[in-house]
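Biologist: I'm new to this one. Could you take me through the sheet and what packs on it, up close?

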Amino acid sequence: MCGIVGFTGGRQAVPVLLQGLYTLEYRGYDSAGVALQTKDGIKTVKTQGRIKALEEKIEAGGEISSVCGIGHTRWATHGAPSDRNSHPHESEDGRVALVHNGIIENYLELKTALTNDGVTFKSDTDSEVAAHLFSRAFHGDGVAAMMDVCKQLRGSYALAVITGENPGEMICTRHDNPLIVGIGEGECMIASDIPAIMSITKRFIVVGDGEIVRVRPEGVEVYTSDGARIEKEVQTVNWDIQGAQKGGYDHFMIKEIMEQPKAVRDTIASRITSDNMPDLMSEGVGIEVFKEARNIHIVACGSAYYAGLAGKVAFERLARLPVLANVASEFRYSDPIIEKGDICIIISQSGETADTLAAMREAKARGAITIAVVNVLASSAAREADHVIYTWAGPEIAVATTKAYSAQLAVMYLLALTAAKARGTLTDHEIQNYCRDMKELPSMIEGALETKEEMKKLAELYHDSHDAFFIGRGIDYAVAQEGSLKLKEIAYVHSEAYAGGELKHGPISLIEEGTPVVALACDPALYEKQISNIKSVKARGAKVILITNGDFAIDPEMCDHVVKLKSCPYFMSGSLSIIPVQFFAYYVGVDRGCDIDKPRNLAKSVTVE
Ligand code: F6R
């Protein structure tokens with residue numbers, strides 16, 4: 001969390017930095033700040049609150065003329081959200097200003113040593129130590145100073161520094177936190193994520209772990225941690241900035257919900273052949289990868305984990321391969337049992353989630369073949385995995401994921417079908433039929449988007465509820481868990497998801513007169529079972545919203561509302577049933593006046609443990 005940005009060039013830096021910060025606000029919004037090189041030395045403006053508050057503070061202070069500066073938007077870890085804990089941090093002599101994303105684990109030890117040496121700290125953050133260390137190590141050469149600082153730091157960091165002495169120069173580095181450098185015409189930007197540089201350029205380099213970069217208007221010099229100069233490949237972003245703007249919608253979340261047909265279409269387009277077979281060969285994931293596989297480990301966090309649970313259903317039912325799905329924060333410390341030929345699929349929108357990355361490294365070290373299903377181009381997971389399969393969902397800005405989740409599901413289906421082919425558990429004919437169905441999925445999702453108004457009305461009816469339940473079985477249980485998370489995080493409604501059959505083992509005692517229960521029933525093999533579960537909550541006073549693709553006769557006594565979806569192969573049904581559930585969370589959140597795109601206490605990219 002936290003977003004960092006920097007600009008150097010010929011134009012005024014403040015508007016460029018603010019624009020960059022606005023695009024990074026999803027990474028944290030507790031405080032924000034900028035530091036600028038001016039003819040009178042470094043000028044820093046920072047404040048608790050959002051970028052808007054920073055913009056107002058800068059305006060109130062009068063114009064700052066500067067063509068080089070750095071900026072930061074914070075998700076607080078060490079030190080409460082406050083003006084004094086906001087970044088950038090300056091050295092005592094004011095020669096150096098620094099922004100940091102990550103956690104410096106040995107900060108206390110460093111702080112004690114610096115304090116004993118006479119340094120007075122102005123904040124409670126871990127980051128401030130790096131500003132003081134840099135200032136002490138800096139004797140005119142920023143790269144040499146940064147090399148020295150990095151040797152002293154433990155933890156994760158992306159750092160950017162400006163000094164009063166070297167006009168137009170930024171020095172940056174990273175370890176386990178993302179950082180890119182955008183390369184424009186006579187101007188450069190650094191940032192935590194691609195959308196932040198797109199106001200000046202689509203061309204960028206990815207800073208590697210431990211590398212140190214000198215950034216000037218005319219270009220960059222990249223050094224290894226030992227000071228050897230290296231060349232980096234310049235990459236080009238393949239989408240437009242409009243993708244990262246609201247485009248007339250009230251919130252990014254609703255825009256991104258509506259973009260799901262495209263996200264899925266783009267994700268599968270080049271991966272199903274004209275004769276309707278899955279084709280992940282350009283990612284190196286052909287049938288031979290699955291031939292020797294004994295177990296699949298799916299590892300991820302949050303919604304990405306729930307996408308993994310839906311993937312588990314597809315893998316187990318289609319390829320008859322045992323799948324162990326685990327949240328990454330548990331997997332990494334579980335002394336995981338990995339056998340020869342095991343495959344570890346990690347799923348991550350950002351490709352930077354600390355626990356997911358650590359879990360992937362653990363699996364790799366134990367001999368698993370790693371496949372990363374990732375949305376952000378050139379992210380750490382994408383670079384470190386044996387194979388990367390991009391979800392082409394485009395930039396996802398709302399903190400709560402929607403379109404990346406749908407694109408992840410599509411990749412999981414392709415992987416499961418590839419494994420089924422490798423293991424001979426489905427005939428070519430069956431696989432071709434499923435692939436034909438997959439090609440129809442984007443237009444079926446378009447059909448599911450028509451539930452928008454219906455879900456808006458249901459949200460109006462239930463937005464005052466204190467609790468809600470989501471129930472499902474099999475694939476529906478995976479979707480129930482994601483739906484419940486959405487309602488919690490967007491609308492701040494306490495919500496639980498249960499496997500339908502589990503209710504009677506305890507949680508049913510929480511069902512009261514009027515408790516909303518969203519019941520999913522999209523797997524024909526389990527309709528009858530799920531109907532019995534629904535009846536048991538209805539009998540206890542629940543208000544039941546049934547989401548189903550079944551054309552069975554629905555007893556009006558059984559549920560209060562029925563949301564009908566088109567039918568599709570059971571393992572893909574989550575791609576449709578998630579849509580009304582996302583709308584429900586969105587509109588309940590809107591009705592409750594929540595901050596939809598930036599829910600409290602959250603940040604999109606969780607780069608701390
Ligand atoms: C919820 C949500 C989070 C993420 C989780 C993993 O809407 O977005 O639960 O799914 O933080 O993030 P990534 O996918 O970036 O690894």
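Modeller: Sure, here is the sheet, strand by strand, and then its helices. Keep in mind that this is a predicted model, where local features need pLDDT of at least 70, side-chain atom pairs count only at pLDDT 80 or more, and totals for chains, interfaces and linings use all residues. Residues are numbered from 1 along each chain as its sequence is written, and side-chain values use heavy atoms, with hydrogens and water left out.

The sheet is an open one of eight strands, in the order 3-2-4-1-10-9-11-15, with antiparallel pairing. Strands here are DSSP runs of E with at least two residues, helices are runs of H or I with at least four residues, and both are numbered from the N terminus. Two strands pair if DSSP finds at least two bridges between them. At the edges sit strand 3 (41–48) and strand 15 (235–236), each pairing on one side only.

Further in, strand 9 (residues 180–183) runs antiparallel to strand 10 (residues 188–191), and four bridges join the two. Take Ile183: its bridge partner in strand 10 is Cys188.

Now the helices. Helix 1 (residues 13–24) lies across strand 1 (3–8), strand 2 (31–38), strand 4 (68–74) and strand 10, at about 155 degrees to strand 1. Such angles run from 0 to 180 degrees between N-to-C directions, with axes fitted to C-alpha atoms, for helices over the stretch in contact. Helix 2 (residues 51–61) also packs on the sheet, touching strand 2, strand 3 and strand 4, where contact means heavy atoms within 4.5 Å. The direction of helix 2 makes about 135 degrees with that of strand 3.
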